[in-house]
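Work through the exercises below with the sequence and the model side by side. Try each task before you read its solution.

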Amino acid sequence: MRLFERVALSRFTTIGTGGPALRLGRPRSLDELEELLRWSAAEGIDVEVVGLGSNLLVHDGGVDALVLRLEGELAGAHVEGAELVAGGGATNAVCLHRARGADLGGLEFASAIPGTVGGGVRMNAGAYGVEFRDVLVEALVVDASGRRTLGTDALGLSYRHSALEAGQVVASARLRLEPRPAAEVKQRVAELLGARKATQPTTKRTFGSVFKNPPGDRGAGRLIEECGLKGHRIGGAIVSPRHANFIENAGGATSADALELMAEARRRVHEQFGIDLEHEVRFLGPLELPPL
Ligand SMILES: Cc1cc2nc3c(=O)[nH]c(=O)nc-3n(C[C@H](O)[C@H](O)[C@H](O)COP(=O)(O)OP(=O)(O)OC[C@H]3O[C@@H](n4cnc5c(N)ncnc54)[C@H](O)[C@@H]3O)c2cc1C
């Protein structure tokens, strides 16, 4: 069993904060994944999954659970006809590369989302009007009780949400593609990445969008900006001067700094606009925002 002790999770989060996982499992096959899940159930240990940690805030004191990171064949991807079959740990970049190599498009939206397929399904990640649920055919979900193949309805995918619970692991997914010349895919990706660079802090350490956009015409970033919080700093964490719905690690930030900054932004937006912002970033370990 590929099980490691006290591994720093800051290595596995894009913002670069967070304490250790008391146990880190790195399964390389479906059998290894199932073995780890059965073991944790027998031991009464909770299970959490990390992908590329690009939408994660991990408690500074660490995580008392079995944290899983999918590797080996659980991180591979290949084309079958007009579909891509990807492990839950496959990065969006690898998936896009495989699809483009076969003159297939449809995943261009994911080029600016620095995560894995498992994280994309769990979050129903999306950009530029396309989300994972638009391209997902089905996902193989594994937990301590076994494997199930689920479609988009059973997964309950909606805006940055799925019905998946802790302990349910997306082991693989089948994504629908469409014929498109590689040169066209490449050009579209370049356009999308260019648009990203112009508006978001793409060269800084962040965990992507902090809050979901509330209903209405003003996004979370605009609301936080209108509270005058761009550039606001707590410890090593700052509200991005480029886009206020991002928190940057400006050097030496802790998860506690980021959490405090989130609480402040949420409190100010509530005070000024009466809107309750819901966090998009997922918490690992005992992290919680104070009530409004
Ligand atoms: C610069 C930047 C830009 C971003 N832009 C976007 C964007 O445009 N649109 C968008 O939607 N998001 C965006 N994000 C956020 C993030 O990239 C997405 O949410 C991504 O899908 C998360 O994938 P991940 O593998 O990194 O998951 P993680 O951050 O590691 O985990 C996120 C959640 O998914 C769960 N999870 C991960 N893998 C699995 C699995 N195999 N099975 C079950 N659960 C799993 C975790 O437990 C956690 O709850 C951005 C982030 C950054 C840093």
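The exercises that follow deal with cavities, cores, one helix, a pocket and a few single residues.

The model is predicted: local features need pLDDT of at least 70, side-chain atom pairs count only at pLDDT 80 or more, and totals for chains, interfaces and linings use all residues. Residues are numbered from 1 along each chain as its sequence is written, and side-chain values use heavy atoms, with hydrogens and water left out.

**Exercise 1. Cavities**

Find how many cavities of 30 Å³ or more the whole structure has, and describe the lining of each.

Step 1. Fix the terms. On a 1 Å grid over the protein atoms alone, a cavity is a set of points where a 1.4 Å probe fits but cannot get out; lining residues have an atom within 4 Å of a point. Grid points are joined across faces, edges and corners, and a volume is the space filled by probe spheres set on the points.

Step 2. Count. The search finds two cavities of 30 Å³ or more.

Step 3. Take the largest cavity. Its volume is about 40 Å³. Among its lining residues are Val210, Phe211, Ile224, Asn245 and Met262. Helix α8 (residues 255-273) gives the most to this lining, with three residues. Helices (H or I, at least four residues) and strands (E, at least two) are DSSP runs, numbered from the N terminus.

Step 4. Sort the lining by class. Ala, Val, Leu, Ile, Met, Phe, Trp, Tyr, Cys and Pro count as nonpolar, Asp, Glu, Lys and Arg as charged, and the others, Gly among them, as polar. The largest cavity's lining has ten nonpolar, one polar and no charged residues.

Step 5. Repeat for the second largest cavity. Its volume is about 30 Å³. Asn92, Cys95, Leu107, Ala110, Val117, Phe132 and Leu175 line it. Six of these residues are nonpolar, one is polar and none is charged.

**Exercise 2. Cores**

State which residues have the most contacts inside the largest nonpolar core.

Step 1. Define the core. It is a set of buried Ala, Val, Leu, Ile, Met, Phe, Trp, Tyr and Cys residues joined through side-chain atoms within 4.5 Å. Buried means under 20% relative accessible area, exposed over 50%, and partly exposed in between (1.4 Å probe, protein chains only).

Step 2. Read off the residues. The largest core has 32 residues, and those with the most contacts inside it are Leu84, Cys95, Leu107, Val121, Leu155 and Leu175.

Step 3. Place the core on the fold. Elements that each supply at least two of its residues include α2 (92-101), α3 (117-123), β13 (169-176) and α6 (182-199).

Step 4. Look elsewhere. A second, separate core of 28 residues includes Phe207, Leu223, Leu229 and Leu261.

**Exercise 3. The two sides of α2**

Explain why the buried residues of α2 are on the same side of the helix.

Step 1. List the buried residues of α2: Asn92, Cys95, Leu96 and Ala99.

Step 2. Check their directions. They cover an arc of only 95 degrees around the axis, so they lie on the same side of α2. The arc is that of the directions from the helix axis to the C-beta atoms.

Step 3. Turn to the other side. There, Ala93 and Gly101 are exposed.

Step 4. Find the cover. It includes β6 (77-80), β7, β8 (104-105), α3, α4 and α6.

Step 5. Pass the helix end. Asp103 follows α2 and has a positive phi, near 55 degrees.

**Exercise 4. Three single residues**

Decide for Pro179, Asn124 and Val169 whether each is buried or exposed.

Step 1. Pro179 lies in strand β14 (residues 178-179). Pro179 is exposed, with a relative accessible area of 70%. Not counting residues up to four places away in sequence, Pro179 touches Asp103 and Leu104; contact means heavy atoms within 4.5 Å.

Step 2. Asn124 sits in the loop between α3 and β9 (126-127). Asn124 is buried, at 0% relative accessibility. Its phi is positive, near 45 degrees, in a residue other than glycine.

Step 3. Val169 is in strand β13. Val169 is buried, with a relative accessible area of 1%. Beyond four places in sequence, its contacts include Leu33, Val49, Leu70 and Val141.

Conventions: On a 1 Å grid over the protein atoms alone, a cavity is a set of points where a 1.4 Å probe fits but cannot get out, and a pocket is an open set with protein on both sides within 12 Å along at least five of seven lines; lining residues have an atom within 4 Å of a point.
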